[in-house]
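Thanks for making time this morning. I would like to walk you through one structure, beginning with the ligand and what surrounds it, and then turning to two details of the backbone.

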Amino acid sequence: MEKLKINISGPLRGSVRVPGDKSISHRAVMLGAIAEGTSRVSGFLTGEDSVNTAKAFAALGVEIDGLGGSELVIHGVGLHGLKAPVGALDLGNSGTSIRLLAGLLCAQDFPITLSGDRYLKKRPMTRIVKPLSQMGAIIFGEGEKNYPPLQIKPCGRLKGIDYSSPIASAQVKSAVLLAGLYAEGTTTVTEPMKSRDHTERMLRYMGAEVNVERLSVSITGGQRLVARDFTVPGDISSAAFPMVAAAIVPGSKVTIKDVGINPTRTGIIDILRMMNARITVDNVREDGPEPIADITVEHSKLRGIGVDGELFLRAIDEFPIICIAAAAANGTTVIKDAAELRVKESDRISAMAGELSKIGVKVVETPDGMIIHGGTPFHAAEVDSHGDHRVAMSMAVAGLIAHGGDMVINDTENIRTSFPGFMELLESLK
Ligand code: S3P
């Protein structure tokens with residue numbers, strides 16, 4: 001089991017780039033694979049999650065040059081060109097891979113098994129099994145919650161549906177839209193709040209017509225995708241770690257260049273600003289389907305705030321690092337509407353409550369969030385990642401301002417799923 005020891009102290013200063021956006025990397029390879037022609041993708045995330053998606057398409061007969069690296073050339077096979085894989089597709093730790101692939105693959109005319117690691121096997125798949133079954137797919141997992149492995153059987157032509165999702169989830173929305181690409185007629189997904197829209201943007205970028213009306217997104221089946229080149233922006237969910245580090249370590253000033261600033265993802269900027277962080281967003285530009293910018297954060301005295309609803313959704317993956325900012329801030333932070341966090345890579349509410357307590361932070365776990373009484377100095381301790389990359393990196397950032405020795409984080413190999421080079425990046429800012 002790998003461990004991280006944080007013995008960095010003093011201000012963080014400099015300019016860095018973070019690895020490519022995980023959500024966009026998944027979609028780039030998925031849509032590139034079923035497009036017609038060759039797509040060149042730069043800045044692809046070399047983390048295990050997105051590489052597992054790319055490997056799955058290689059197993060489905062798609063030629064991908066540069067597999068494992070950040071420059072991919074994807075030789076698209078068209079909507080109906082995928083081939084039966086040998087054995088199950090192993091998607092490792094990646095919930096996005098398994099859920100989106102389930103949608104994209106449930107209309108194929110060969111059986112498929114989608115599997116993953118021990119953490120993925122504990123994540124509920126009913127949220128996608130239900131709408132995909134309504135479309136006519138034959139798909140099921142284990143037990144009532146349809147845990148992976150997921151079995152998909154040939155089902156003939158899918159039919160378009162009008163689906164009202166009970167949760168705001170880009171994974172559910174994307175799975176249904178990707179199945180909709182193969183369905184007869186139009187498929188519409190309506191969600192209670194707007195989740196990240198990378199799938200819609202990339203489908204359009206590759207020539208598909210996607211209609212968006214407030215919280216509903218529709219696609220008509222049978223549309224062909226055209227291969228396009230593009231550069232994956234830096235992942236704002238990874239940038240969030242050096243952003244919070246700069247905000248809480250006295251004397252720091254850090255710029256993160258070329259970060260994706262899709263408005264469905266920028267909750268972390270708004271939340272930190274509400275906490276009184278000093279943030280500038282410069283050089284805003286469009287690159288392909290997504291907006292990007294350079295983000296600079298300087299240290300300041302943070303204060304506690306309330307986070308809920310859409311603001312929380314726009315920062316859903318940033319909960320662990322927001323907890324660290326809140327714990328370092330003066331006053332109380334109340335996070336609500338976050339029950340989804342209980343079924344992420346770990347139960348992030350209970351994981352963060354447990355680990356924050358170990359370093360002396362006063363927290364109260366609630367069913368859908370957390371109350372954090374900030375401002376007490378952190379004391380260094382040996383903490384655990386719960387198998388979750390974002391918990392591991394958040395506790396590493398806490399270690400930058402912990403007193404009384406070095407923070408040690410156990411079980412940190414999972415950092416490679418989303419942020420290869422995380423420690424090297426922190427060290428480069430010393
Ligand atoms: C993702 C959507 C979110 C997010 C996950 C990536 C995506 O999950 O938490 O890390 O790429 O579609 P949900 O859509 O299930 O909330």
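Around the ligand, counting residues with a heavy atom within 4 Å of it, we find Ser23, Arg27, Thr96, Ser169, Ala170, Gln171, Arg196, Ile316, Asp317 and Lys344. Please keep in mind that this is a predicted model, where local features need pLDDT of at least 70 and side-chain atom pairs count only at pLDDT 80 or more, while totals for chains, interfaces and linings use all residues. Residues are numbered from 1 along each chain as its sequence is written, and side-chain values use heavy atoms, with hydrogens and water left out.

By class, this shell holds two nonpolar, four polar and four charged residues, where Ala, Val, Leu, Ile, Met, Phe, Trp, Tyr, Cys and Pro count as nonpolar, Asp, Glu, Lys and Arg as charged, and the others, Gly among them, as polar.

Which distances do polar side-chain atoms of aspartate 317 and lysine 344 keep from an oxygen atom of the ligand? For aspartate 317 the distance is 2.6 Å, and for lysine 344 it is 2.6 Å, whereas alanine 170 places a backbone N or O atom 2.8 Å from a ligand oxygen. Of the 380 Å² of accessible area that the ligand has on its own, the protein covers 96%, by the Shrake-Rupley method with a 1.4 Å probe.

The ligand lies between domain 1 (3–20 + 233–428) and domain 2 (22–231), because both give residues to its shell; the domain bounds come from an automatic or database assignment.

Finally, the backbone: most residues other than glycine have a negative phi, and most peptide bonds are trans. Here, the bond from proline 148 to proline 149 is cis, with omega near 5°, and aspartate 337, although not a glycine, has a positive phi of about 60°.

Note on methods
Polar contact = N/O pair within 3.5 Å; in protein donor to acceptor, adjacent residues only side chain to side chain.
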